[in-house]
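Good morning, colleagues. Please look at the chain on the screen while I go through several of its local features and then its sheet.

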Amino acid sequence: MDEITDRIEAALAVRLGHGARKPFVLGIAGAQGSGKSTVAARLAGRLCERGLTCALLSLDDLYLDGVRRTALAQAVHPLLRTRGVPGTHDVGLGLAIVTALGEAGPVALPRFDKARDEPAPRGSWDMFEGPADVLILEGWCLGARPQASETLAAPVNALERDSDPDGSWRLYVNDQLAGPYRPLFERIDLRVLLAAPDFDTVAGWRIEQEQALRAQCIAEGRTAGKLMTDAEVRRFVAHFQRITEQMLRDAAGIADLVIPLDARRRPRGA
């Protein structure tokens, strides 16, 4: 991950100069398991060593709670009960945090407990003393652009074919990218994409993540009841296939810096 961090730090140094608005928002996108969180944490450490104040936020930490996702599932489409796709985040909260980080004073940074599939209790959220020089925002679909409506008709996998035969779920998700998510994505000052080699690799990465989370829960004496089996993970990542593959095709249009990865998460050609 050091070479990836080096490349992002170099790109950031060019853009982060006098007159940059606060916070300068660095967006790191990439499919599940691509190493976004690790790179973001390493980069934050380096920026702090340079004397910059740096906040970290994941799009995952903006997931709606189970009650609100259930309401969406009942009102719009059952697939929206599953966290992940556009429409299942509180993007308004994300924008409010970006604004708050540009001013002096404490800012509560939300955290999501994936083992419980619910937001962490507010009392456990990280507190950051603003203003922040840099906000590193990482998330799997950061910067994704809506697709043309005619491309939504044909399903890309069995999940879409069997669970969304009329295309209403994928149309809703697409409309979210065109509407509510746009202001948050447009607030990003430097866009980075860690590009997976293909979607099949992503499922393997996501299974590794779930296994690591299960081991962490066991080590901490916490329940892992909401964690997924390998088969459940494969169904879960199918929710993200359409947008992930579109982002890989559209990489040059959605990112200022594209870093292609191999199956071991190394920069290709390294």
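D117 sits in the loop that links strand 4 (112–113) to strand 5 (118–119). I should say at once that this is a predicted model. Although D117 is not a glycine, its phi is positive, about 60°. Is D117 buried or exposed? Its relative accessible area is 14%, and because the cut-off for buried is under 20%, D117 counts as buried.

A second residue of this kind is R265, again not a glycine, with a positive phi of about 70°. R265 belongs to the segment after strand 9 (257–260).

I turn now to the peptide bonds. The bond from K22 to P23 is cis, and its omega is near -10°. P23 lies in the loop between helix 1 (2–15) and strand 1 (24–30). The bond from G130 to P131 is likewise cis, with omega near 5°. P131 is placed in the loop between strand 6 (126–130) and strand 7 (134–139).

Next, the sheet. In what order do the strands of the open sheet run? There are 5 strands, in the order 2-7-1-8-9, and their pairing is parallel. Strand 2 (54–58) and strand 9 are at the edges; each has a single partner strand, so one side of each has no neighbour in the sheet. From one strand to the next, the twist averages 15°.

At one of these edges, strand 2 runs parallel to strand 7, and 5 bridges join the two. Within this part of the sheet, L56 stands opposite I136 in strand 7.

Helix 1 brings us to the other edge. This helix lies across strand 1, strand 8 (190–195) and strand 9, and it runs at about 175° to strand 9.

Which residue of helix 1 deserves our attention here? I would choose I8, which is found in that helix. I8 is buried, with a relative accessible area of 0%. Leaving aside neighbours within four places in sequence, which residues are in contact with I8? They are L26, I28, V39, L43, V192, L257 and I259. One of these contacts, L257, is 249 residues away from I8 along the chain, yet the C-alpha atoms of I8 and L257 are separated by 7.8 Å.

To close, I would ask you to keep two views in mind: D117, buried in its loop with a positive phi, and I8, buried in helix 1. Thank you.

Technical notes. Residues are numbered from 1 along each chain as its sequence is written. This is a predicted model: local features need pLDDT of at least 70, side-chain atom pairs count only at pLDDT 80 or more; totals for chains, interfaces and linings use all residues. Side-chain values use heavy atoms; hydrogens and water are left out. Helices (H or I, at least four residues) and strands (E, at least two) are DSSP runs, numbered from the N terminus. Buried means under 20% relative accessible area, exposed over 50%, partly exposed in between (1.4 Å probe, protein chains only). Contact means heavy atoms within 4.5 Å. Two strands pair if DSSP finds at least two bridges between them. Axes are lines fitted to C-alpha atoms, for helices over the stretch in contact, and angles run from 0 to 180 degrees between N-to-C directions.
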